[in-house]
Amino acid sequence: MEEYMIKDISNTRIEFNTLNKDKVVEVFNYHCKSLYQININELTIIDDKLCLPIDLSKWFDIDNELDFDIVLEALKRITDPKMANAAITLKAKLVGYDNDLNQNFVFADNYYKGKHVVVGKYDDGTKLIFIDKLYKK
């Protein structure tokens, strides 16, 4: 697998399978306290789904650089049933548009070689896998 980077996105959001804003804030902030903290005002309803719109300018890595991998790590953490307690996880997916490739993408949690990962798919069928970094399959 080759390492892959997504840099220029738009219309990107995490869609949760619940409309309970309090639960989303609680679970997200519990699992992602070192990555990004959300507040209830950031959550919005889009197409009858509770969503967290992704403004990449707010997501920084350790080196204080913009990093889409941090968003994928957050998705991985909140959906991982083995993180702390399965009762404090969320069903969610990340949807958006890659401006460099002019394609939509969807990322959701899955398993790869027995390990919880995030797998993405583009409109053209290209598959990506996020383990600790993003790779093209």
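What follows is a conversation about a predicted model, in which a biologist asks for reasons and a modeller supplies them.

Biologist: Let's start with the sheet. What makes it an open one, and in which order do the strands come?

Modeller: There are 9 strands, in the order β1-β9-β8-β7-β6-β5-β2-β4-β3, and the pairing is antiparallel. The edge strands are β1 (2-3) and β3 (44-46), each of which pairs on one side only.

Biologist: How do you know that β5 pairs with β2?

Modeller: Two strands count as paired if at least two bridges are found between them. Strand β2 (residues 9-16) and β5 are joined by 6 bridges, so they pair, and they run antiparallel. Within that pairing, Ile-9 stands opposite Asp-98 in β5.

Biologist: And what joins β5 to strand β6?

Modeller: Again 6 bridges, in the antiparallel sense, with β6 covering residues 103-112. Val-95 has Val-106 in β6 as its bridge partner. The hairpin of β5 and β6 has 4 residues between the strands, and Asn-102 there takes a positive phi near 55°.

Biologist: Why is β5 called mostly covered?

Modeller: Buried means under 20% relative accessible area. In β5 (residues 92-98), 5 of the 7 residues are buried, hence the description.

Biologist: Now the far end of the sheet. How many bridges hold β3 and β4 together?

Modeller: The count is 3, in the antiparallel sense, with β4 spanning residues 49-53. Here Ile-45 stands opposite Leu-50 in β4. The loop between β3 and β4 holds Asp-48, whose phi is near 65°, a positive value in a residue other than glycine.

Biologist: Why is Asp-48 called exposed?

Modeller: Exposed means over 50% relative accessible area. Asp-48 has 72% relative accessibility, so it counts as exposed. Asn-11 in strand β2 can be judged by that cut-off too: its relative accessible area is 63%, so Asn-11 is exposed. Phi of Asn-11 is also positive, near 50°.

Biologist: On to helix α2. How does its reach compare with what is expected?

Modeller: Helix α2 (residues 68-79) has 12 residues and reaches 17 Å from its first C-alpha to its last. The expected value at 1.5 Å a residue is 16 Å, and the reach is close to that.

Biologist: What makes you say that α2 is enclosed?

Modeller: The burial count: 12 of the 12 residues of α2 are buried, so the helix is largely enclosed by the rest of the structure. The buried residues include Phe-68, Asp-69, Arg-77 and Thr-79. As for where α2 sits, it lies across β2, β5, β6, β7 (115-122), β8 (127-130) and β9 (134-136), and runs at about 160° to β5.

Biologist: Why is Lys-76 called buried?

Modeller: The cut-off for buried is under 20%. Lys-76 has 10% relative accessibility, so it counts as buried. Not counting residues up to four places away in sequence, Lys-76 touches His-116, Val-118, Phe-130, Ile-131 and Asp-132.

Biologist: Is Glu-73 buried or exposed, and why?

Modeller: Glu-73 has a relative accessible area of 18%, so it is buried, given the cut-off of under 20%. Leaving aside neighbours within four places in sequence, Glu-73 is in contact with Leu-35 and Phe-130.

Biologist: What is the relative accessible area of Leu-75?

Modeller: It is 0%, so Leu-75 is buried. Leu-75 touches Ile-14, Ala-92, Lys-93, Leu-94, Phe-107, Ala-108 and Val-118, again not counting residues up to four places away in sequence. Leu-75 and Gly-120 are 45 residues apart in sequence and 12 Å apart in space, C-alpha to C-alpha.

Biologist: One last topic, the two helices. Why are α1 and α2 called roughly perpendicular?

Modeller: Two packed helices are described by the angle between their axes and the distance between the axes. The axes of α1 (residues 21-31) and α2 come within 9 Å and cross at roughly 110°. Angles of 65 to 115 degrees count as roughly perpendicular, and α1 and α2 are therefore described that way. The contact is made by Val-27, Phe-28 and His-31 of α1 and Ala-74, Arg-77 and Ile-78 of α2.

Biologist: Is that crossing left-handed or right-handed?

Modeller: The crossing of α1 and α2 is right-handed.

Notes: Residues are numbered from 1 along each chain as its sequence is written. This is a predicted model: local features need pLDDT of at least 70, side-chain atom pairs count only at pLDDT 80 or more; totals for chains, interfaces and linings use all residues. Side-chain values use heavy atoms; hydrogens and water are left out. Buried means under 20% relative accessible area, exposed over 50%, partly exposed in between (1.4 Å probe, protein chains only). The expected span of a helix is 1.5 Å times one less than its number of residues. Axes are lines fitted to C-alpha atoms, for helices over the stretch in contact, and angles run from 0 to 180 degrees between N-to-C directions. Angles under 35 degrees count as roughly parallel, over 145 as roughly antiparallel, 65 to 115 as roughly perpendicular and the rest as oblique. A crossing is left-handed if the near helix is turned anticlockwise from the far one by less than a right angle, and right-handed if clockwise. Contact means heavy atoms within 4.5 Å.
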